[in-house]
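Grab a pencil and have the model open next to you. Below is a small set of exercises, each with a worked solution.

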Amino acid sequence: MTTLLIHNARLLVTMDAQRREIADGAVFARDGVIEAVGASAELPQTADEVIDARDQVVIPGLVNTHHHMYQTLTRVIRPAQDCELFGWLQTLYPIWSHLTPEMVHVSTQTAMAELLLSGCTTSSDHLYIFPNSVRLDDSIEAAAQIGMRFHAARGSMSVGQSQGGLPPDGVVESEPAILRETQRLIERWHDPARHAMQRIVVAPCSPFSVSRELMRDAAVLAREHGVSLHTHLAENDNDIAYTREKFNCTPAEYAEQLGWVGRDVWHAHCVKLDEAGIALFARTGTGVSHCPGSNMRLASGIAPIRAMRDAGVPVSIAVDGSASNDSGHMLGEARLALLLQRVAHGPVKGPSALTAREVLEIATRGGAAVLNRDDIGALAPGMSADIVTIPLDDIGLAGAHHDPLAALFFCHVPRVKHSIVNGRVVVRDGRITTLELPVLIERHNRLAAELVNA
């Protein structure tokens, strides 16, 4: 059995049921599962792996619930820099049609390294384009190598431009093939156990790229196998207009008609979710991935997160694709979520502002709830040992030690010192331990140039 001890933390933020914050805190884990959390003096003093977290804040690993990791290859493509969602997609679809299995593998590891270095230990990824023999297995195998806890969402597009959809016909798949491949992935890779490192999600892409029939059949398939469902919904005004024109309903009504509500479902963005939609999601426990950076980048708007939270909608934070955000930094994304709600909804003591502690809750416990997990998102006995330590010696945190937790979100976005996933140290002293990062970056940049030049 392998044990892990992290102790002497300036502040250990548990996010447990009592939301305890422990000065001089410690956490002890065995075989990837936390056994004890408390004051350093009260816990064991030895372990196989001991990390001294002096002058560091210790938090649960952050949970990213929506990403398109292959898009790290197409950051800041010039023709797409100033587009809204639909124009942005139509610019990039032809480039993405040249993706290869190697590109998906390498971009997955690049995106995951960026996440791990920014405090994220669990991520979902929504891969929905499969040209040139690309398979979701390419992402899954990459995740296993780098050591990130992974919810691999098998996306799909089946309605091309000739049928009234947004994507070119050359990048869509047949619906029977989509369902067969999704079932194969579930049977091959999905692990339903607590503390699982790998799960599969059923994830048709969006109302403007798949049919109602595929959405309905996908929901049936997911529930037959006990896996979660994920898609994009209500992202911007054009998205709303498309759903109203094609389906004569709102996005929330569309989701409800097709069985896409419930605790096993979460939707990305929901920037334009109306009051009735918020009430529906709250009543059914349907989750939302809030992607503030992407929503700002594409000028989609500001999601009504305060209203969702007050109604009881499960809300999480996500970086979205690294070509619509151009960053995959989870602590940075949480900071944007905190500040953006204040811009949109007024004074801190009003009904709509977020606090630093609330935004950490959304980025940890909120992400766990949206992914339908009860084993991540908090530091408590019986939880997975997914732990992050953040040093307080950065110049951008000088003078902010009055409240070290709030400093992580109000001040300069800090660097991560250690990231532990399932009890394994995958970032040590600010460096990825499971791969050679300079080699990965060089390879990634070469492939990015090949993809765009193709």
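What follows goes through pockets, cavities, helix crossings and backbone angles.

This is a predicted model, where local features need pLDDT of at least 70, side-chain atom pairs count only at pLDDT 80 or more, and totals for chains, interfaces and linings use all residues. Residues are numbered from 1 along each chain as its sequence is written, and side-chain values use heavy atoms, with hydrogens and water left out.

**Exercise 1. Describe the largest pocket: its volume, its lining and the elements behind it.**

Step 1: get the terms straight. On a 1 Å grid over the protein atoms alone, a pocket is an open set of points with protein on both sides within 12 Å along at least five of seven lines, while a cavity is a set where a 1.4 Å probe fits but cannot get out; lining residues have an atom within 4 Å of a point. Grid points are joined across faces, edges and corners, and a volume is the space filled by probe spheres set on the points.

Step 2: read off the volume, which is about 220 Å³ for the largest pocket.

Step 3: look at the lining. It takes 18 residues to line this pocket, and R199, G226, S228, L371 and N372 are the ones nearest its centre.

Step 4: assign elements. Helices (H or I, at least four residues) and strands (E, at least two) are DSSP runs, numbered from the N terminus. Both β9 (198-204) and α5 (212-225) supply at least two lining residues, with β9 giving the largest share, three residues.

Step 5: sort by class. Ala, Val, Leu, Ile, Met, Phe, Trp, Tyr, Cys and Pro count as nonpolar, Asp, Glu, Lys and Arg as charged, and the others, Gly among them, as polar. The lining of the largest pocket comes out as six nonpolar, five polar and seven charged.

**Exercise 2. Which helix gives the most to the lining of the second largest pocket?**

Step 1: this pocket has a volume of about 190 Å³.

Step 2: of its 13 lining residues, R75, T110, I441, H444 and N445 lie nearest the centre. Two or more residues each come from α2 (101-116) and α14 (437-453).

Step 3: α14 wins, with five residues.

Step 4: the classes are six nonpolar, five polar and two charged.

**Exercise 3. How do α2 and α14 cross?**

Step 1: fit the axes. These are lines fitted to C-alpha atoms, for helices over the stretch in contact, and angles run from 0 to 180 degrees between N-to-C directions. The axes of α2 and α14 come within 10 Å and cross at roughly 130°.

Step 2: name the geometry. Angles under 35 degrees count as roughly parallel, over 145 as roughly antiparallel, 65 to 115 as roughly perpendicular and the rest as oblique. So α2 and α14 are oblique to each other.

Step 3: find the hand. A crossing is left-handed if the near helix is turned anticlockwise from the far one by less than a right angle, and right-handed if clockwise. Here α2 passes α14 in a left-handed crossing.

Step 4: list the contact, meaning heavy atoms within 4.5 Å. On the α2 side, the residues include E102, M103, V106 and T110, and α14 brings among others L437, L440, H444 and L451.

**Exercise 4. Now work out the same items for α2 and α3.**

Step 1: the axes of α2 and helix α3 (residues 136-146) come within 8 Å, crossing at roughly 40°. That makes α2 and α3 oblique to each other, therefore.

Step 2: this crossing is right-handed.

Step 3: among the contact residues are V104, H105, T108 and M112 of α2, and D138, A142 and I146 of α3. By class, the contact has eight nonpolar, five polar and two charged residues.

**Exercise 5. How many cavities of 30 Å³ or more are there, and what lines them?**

Step 1: there are two.

Step 2: the largest cavity has about 100 Å³ of space. Its lining has 13 residues, with H68, L85, W88, L89 and H232 nearest the centre. Helix α1 (residues 85-96) gives the most, three residues.

Step 3: the second largest cavity has a volume of about 30 Å³, and its lining includes R154, I178, V202 and L214.

**Exercise 6. Where does N8 sit, and what is its phi?**

Step 1: N8 is found in strand β1 (residues 3-13).

Step 2: its phi is positive, about 65°, although N8 is not a glycine.
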